[in-house]
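Trainee: I have a model open and would like to learn how to read it. Could you walk me through a few features?

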Amino acid sequence: MSDKNLQEYWKKNLRLLAVLLAVWFFVSYGCGIIFADYLNNFRLGGYKLGFWFAQQGAIYVFIIIIFVYVNRMNKLDKEFGVDEE
Amino acid sequence: MGVREWTYIIVGITFAIYVGVAIWARAGSTSEFYVAGGGVSPFVNGMATAADWMSAASFLSMAGLISFMGYQGSQYLLGWTGGYVLLALLLAPYLRKFGKFTVPDFIGERYYSQTARLVAAICALFISFTYVVGQMKGVGVAFSRFLEVDFETGILIGIVIVMFYAVLGGMKGITYTQVAQYCVLIVAYLVPAIFISILMVGNPIPQLGLGGTLSDGTYLLDKLDMLSTDLGFDEYTTSNTGKVNLFFVTAALMLGTAGLPHVIVRFFTVKKVADARKSAGYALVLIAILYTTAPAISAFAKTNLLNTVNNQPYSSMPSWFGKWEETGLLKFEDKNGDGKIQYYNDKNPSYVSATATPNGWKGNELKIDNDIMVLANPEIAKLPAWVIALVVAGGLASALSTAAGLLLVISSSISHDILKKWLKPDITEKGELRAARITIGVAVVIAGYFGINPPGFVAQVVAWAFGLAAASFFPAIILGIFYKRMNMEGAIAGMVTGLVFTGAYIWFFKYGGGLPEQYIFGITPEGIGTLGMMLNTVVALVVCSMTPPPPAEVQAIVENIRVPRGSGAATGH
């Protein structure tokens with residue numbers, strides 16, 4: 001693969017990482033810690049919302065993040081022809 | 001049949017399975033011994049990673065810790081799962097493409113330096129050793145309480161079992177026994193949780209049950225908040241202490257998770273880069289099943305416990321109470337001599353003057369060790385004997401699987417990174433394999449010895465292992481992948497700074513007489529790895545900018561690991 005292509009691939013990879021890590025930070029440190037007190041004013045059934053994020057919700061989002069990443073990267077690999085046989 | 005008979009049967013069956021699997025999956029080459037031959041499927045690797053990762057601390061201690069910490073305990077839940085996002089996105093695919101056996105291998109090659117390799121190998125050894133001793137202790141606790149053998153005998157049995165399949169099978173044997181151990185531990189964790197969830201809130205799914213309502217119509221968590229404040233404790237679901245420290249501890253656990261060598265090395269065992277990514281996802285799903293159940297167990301157990309013991313006559317306590325008292329993990333002292341158990345927060349002055357003193361209470365009378373909550377929970381909830389036995393088997397599975405993974409890192413650090421790559425490069429593959437088997441055997445015995453006679457520092461295993469992994473490996477690996485210009489000088493300076501700073505801080509506050517008032521920004525030793533990681537990064541970048549860039553061939557390696565195509569099997573050369 002040419003250098004230019006490689007750089008383009010890497011740039012797209014980094015952009016995806018930045019978005020996903022922003023979500024990662026927001027649900028765990030944001031909703032679970034920094035804004036937890038405020039979110040506790042709302043409820044999700046028997047849960048206070050901030051507490052739910054800290055002990056349940058953030059973990060579910062982590063899983064989604066990884067599978068979105070897997071999916072997007074597989075597509076990106078194919079697009080640039082760097083996938084494995 | 002009683003609990004004891006059931007325990008013998010269930011633990012016996014599970015141990016027979018582990019031994020059978022180990023015989024089936026013997027290792028014949030160094031590649032099989034270190035990375036299971038590199039042909040493990042992503043889902044199998046996910047299961048093995050989950051068992052490897054979930055230690056005696058996750059299985060036995062975590063729910064208990066959360067029980068007593070409430071919202072604050074979220075640091076363990078977030079910290080020990082969020083690290084997998086970092087692992088999947090920032091480390092696993094690139095390290096898999098790099099295709100070597102160990103983490104020090106990566107550090108040594110990427111930073112073209114034997115010094116860097118040696119520093120990394122010593123870090124890996126230290127982290128793994130402190131961690132494995134804790135597992136051995138967990139094995140001892142489970143055996144001594146339920147099989148009524150001595151603590152020492154319990155550890156000896158554990159040593160023999162781990163020795164058998166780790167020495168015989170290396171990574172290959174460990175991988176497939178870990179799959180069996182994952183199944184045992186997850187069933188053992190879920191069964192009592194489901195039972196208790198049905199009993200308490202009528203919902204078979206603990207994750208939903210935690211948000212459910214009790215028979216009197218109130219939400220479980222609201223009831224728990226009320227019970228807690230009634231006894232002078234903080235509300236269960238809200239935070240009353242510093243958020244800064246919570247932030248730092250969570251981050252240290254996440255970064256540490258992503259930097260732990262026994263977790264990273266699991267991703268060297270899959271076939272392809274795409275498999276490494278997917279495998280991290282599977283691992284997190286399988287881990288999350290336990291980690292989202294844990295807070296439910298915590299809340300159920302706490303509610304049950306408060307209802308069972310508080311202000312009740314000691315003579316009316318159920319039989320589990322006495323059994324746990326014998327182990328010393330549960331202590332009752334009738335300070336005011338009224339024959340009743342008063343469990344409350346005697347460090348809350350307004351509560352003491354308003355409620356405790358007028359009632360004639362003279363201090364909290366009950367001491368409960370975190371570690372017994374999961375083991376005692378089924379008994380407290382009066383579940384059948386076989387469920388209790390299952391939990392014991394699960395606790396043992398979690399401790400043994402993690403111990404095996406750690407022992408492999410210890411063995412590969414010595415036989416591969418130090419012996420083969422440094423002291424004796426001309427050693428044959430057969431010789432290296434023999435050395436690996438001997439070191440793993442010796443390491444099990446040493447770990448067992450320290451499990452029986454724990455040195456002071458192991459009590460703080462978590463702070464040490466995670467803090468050091470976060471402050472040393474994490475930045476060195478990340479910079480090695482994402483910053484092509486990072487050179488040997490920067491990486492070594494950074495790792496040494498991170499290690500010395502974090503190590504000194506933990507040492508000072510744990511053993512050097514440091515007082516909580518002296519914490520930097522109020523950060524406890526558990527959270528200091530985050531600051532160590534930041535220092536490491538800054539020092540690495542500054543030193544790097546003042547020293548020459550890495551040689552062209554190293555820059556080519558970095559280019560190469562960034563694309564998946566062309567990943568061969570992991571090799572030692």
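Trainee: How many residues does each chain give to the contact between chain A and chain B?

Mentor: Two residues are in contact if their C-beta atoms, placed from the backbone, lie within 7 Å. Here chain A brings 38 residues and chain B brings 43 residues. On the chain A side, the elements giving two or more residues are helix H1 (3-34), strand S2 (47-48) and helix H3 (49-79); helices (H or I, at least four residues) and strands (E, at least two) are DSSP runs, numbered from the N terminus. H3(A) has the largest share of that side, with 16 residues. By class, the chain A side holds 26 nonpolar, eight polar and four charged residues. Ala, Val, Leu, Ile, Met, Phe, Trp, Tyr, Cys and Pro count as nonpolar, Asp, Glu, Lys and Arg as charged, and the others, Gly among them, as polar.

Mentor: Keep in mind that this is a predicted model, where local features need pLDDT of at least 70, side-chain atom pairs count only at pLDDT 80 or more, and totals for chains, interfaces and linings use all residues. Residues are numbered from 1 along each chain as its sequence is written, while chains are lettered from A and ligands numbered from 1 in the order in which they are written.

Trainee: At what angle do the axes of H20(B) and H22(B) cross?

Mentor: Two packed helices are described by the angle between their axes and the distance between the axes. Axes are lines fitted to C-alpha atoms, for helices over the stretch in contact, and angles run from 0 to 180 degrees between N-to-C directions. For helix H20 (residues 473-482) and helix H22 (residues 528-546) of chain B, the axes come within 8 Å and cross at roughly 40°. That makes H20(B) oblique to H22(B); angles under 35 degrees count as roughly parallel, over 145 as roughly antiparallel, 65 to 115 as roughly perpendicular and the rest as oblique. Phe474(B), Pro475(B) and Leu479(B) of H20(B) meet Met533(B), Asn536(B), Thr537(B) and Ala540(B) of H22(B). That contact has five nonpolar, two polar and no charged residues.

Trainee: Why does Glu429(B) count as partly exposed?

Mentor: A residue is buried if 20 or more other C-beta atoms lie within 10 Å of its own, exposed if 12 or fewer, and partly exposed in between. Glu429(B) counts as partly exposed because it has 13 C-beta neighbours inside 10 Å. Glu429(B) lies in helix H18 (residues 429-452) of chain B. Beyond its neighbours within four places in sequence, Glu429(B) is in contact with Ser29(B) and Thr30(B).
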